[in-house]
Amino acid sequence: MIVSNLKTPYYAVIFTTLLTDDIAGYLETTVKMELLATKQKGFLGIESARSEIGITVSYWNSLEAITQWKHNIEHTEVRNRGREQWYQQYQLRICKVERDYDFKK
């Protein structure tokens, strides 16, 4: 699902990944983390695509909300497991969205 109807400005966290061959538990954990993120103060939405390259974009109302999510204990534990087991490489980008528009048939 594409997240729409967000009021600018807001923040986008873009998390791009390359996985290792050992992804046991990965898909279940991503579902759990996405659900946990939805419960965080300042969370606005999430979009994700996972195939050759995994790309997850989450939307937040402030940099403070992003920092609180980063320091969430469950998120920290999963991030550490990802570094040890699932991720061959990842890149995280935080962007301020000043303008957006959409199209829908």
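Is Asn 72 buried or exposed? In this predicted model, Asn 72 counts as buried, because its relative accessibility is 14% and the cut-off for burial is under 20%. The residue sits in the loop between helix 2 and helix 3. Beyond its neighbours within four places in sequence, Asn 72 is in contact with Leu 36 and Gln 40. Leu 36 also takes part in the contact between helix 1 and helix 3.

That helix pair was examined next. Two packed helices are described by the angle between their axes and by the distance between the axes. Helix 1 spans residues 26-38, and helix 3 spans residues 73-86. Their packing angle is about 155 degrees. Their axes lie 11 Å apart. Helix 1 is therefore roughly antiparallel to helix 3, since angles over 145 degrees fall in that class. The crossing of the two helices is left-handed. On the side of helix 1, the contact is made by Tyr 26, Thr 29, Lys 32, Met 33 and Leu 36. Helix 3 contributes Glu 74, His 75, Val 78, Arg 81 and Trp 86. Sorted by class, the contact holds five nonpolar, two polar and three charged residues.

Two members of this contact, Met 33 and Trp 86, reappear in the largest nonpolar core. This core has 14 residues. Which of them touch the most other members? They are Met 33, Ala 37, Trp 60, Ile 66, Trp 69 and Trp 86. At least two core residues come from each of strand 1 (10-19), helix 1, helix 2 (63-70) and helix 3. Helix 1 gives the most, with four residues. A second core is separate and has seven residues. Among them are Val 3, Leu 6, Tyr 10 and Ala 12.

Two tryptophans of the largest core were followed further. Leaving aside neighbours within four places in sequence, Trp 86 is in contact with Leu 18, Leu 19, Thr 20, Asp 22, Ile 23, Ala 24, Gly 25, Tyr 26, Thr 29, Val 78 and Arg 81. Tyr 26 and Thr 29 belong to the helix 1 side of the helix contact. Trp 60 lies in strand 3, residues 54-60. It counts as buried because its relative accessibility is 0%. With the same neighbours left aside, Trp 60 is in contact with Tyr 10, Tyr 11, Val 13, Ala 37, Gln 40, Lys 41, Gly 42, Phe 43, Leu 44, Ala 65, Ile 66 and Trp 69. Of these partners, Ala 37, Ile 66 and Trp 69 are named among the core members that touch the most others. Thr 20, in turn, is a partner of Trp 86. From Trp 60 to Thr 20, the C-alpha distance is 28 Å, and the two are 40 residues apart in sequence.

Helix 3 also holds Gln 85. This residue is buried, because its relative accessible area is 17% and burial means under 20%. Beyond neighbours within four places in sequence, Gln 85 is in contact with Thr 20, Asp 22, Ile 23 and Ala 24. These four residues are also contacted by Trp 86.

Strand 1 offers another case in Ile 14. How is its accessibility classed? At 23% relative accessibility, Ile 14 counts as partly exposed, because buried means under 20% and exposed means over 50%. Ile 14 and Arg 93 are 79 residues apart along the chain. Yet their C-alpha atoms are separated by 5.0 Å. Arg 93 is also in contact with Ile 14. Other partners of Ile 14, outside its neighbours within four places in sequence, include Ile 55, Thr 56, Val 57, Gln 91, Leu 92 and Cys 95.

The chain before strand 1 shows two backbone features. Asn 5 lies in this segment. Its phi is near 65 degrees, a positive value in a residue other than glycine. Asn 5 is exposed, because its relative accessible area is 74% and exposure means over 50%. Pro 9 is placed in the segment before strand 1 as well. A cis peptide bond joins Thr 8 to Pro 9, with omega at about -5 degrees.

Thr 8 also links this account to Arg 99. The C-alpha atoms of Arg 99 and Thr 8 are separated by 6.1 Å. Along the chain, the two are 91 residues apart. Arg 99 lies in the segment after strand 4 (87-97). With a relative accessible area of 66%, Arg 99 is exposed.

Technical notes: Residues are numbered from 1 along each chain as its sequence is written. This is a predicted model: local features need pLDDT of at least 70, side-chain atom pairs count only at pLDDT 80 or more; totals for chains, interfaces and linings use all residues. Side-chain values use heavy atoms; hydrogens and water are left out. Axes are lines fitted to C-alpha atoms, for helices over the stretch in contact, and angles run from 0 to 180 degrees between N-to-C directions. Angles under 35 degrees count as roughly parallel, over 145 as roughly antiparallel, 65 to 115 as roughly perpendicular and the rest as oblique. A crossing is left-handed if the near helix is turned anticlockwise from the far one by less than a right angle, and right-handed if clockwise. Contact means heavy atoms within 4.5 Å. Ala, Val, Leu, Ile, Met, Phe, Trp, Tyr, Cys and Pro count as nonpolar, Asp, Glu, Lys and Arg as charged, and the others, Gly among them, as polar. A nonpolar core is a set of buried Ala, Val, Leu, Ile, Met, Phe, Trp, Tyr and Cys residues joined through side-chain atoms within 4.5 Å. Buried means under 20% relative accessible area, exposed over 50%, partly exposed in between (1.4 Å probe, protein chains only).
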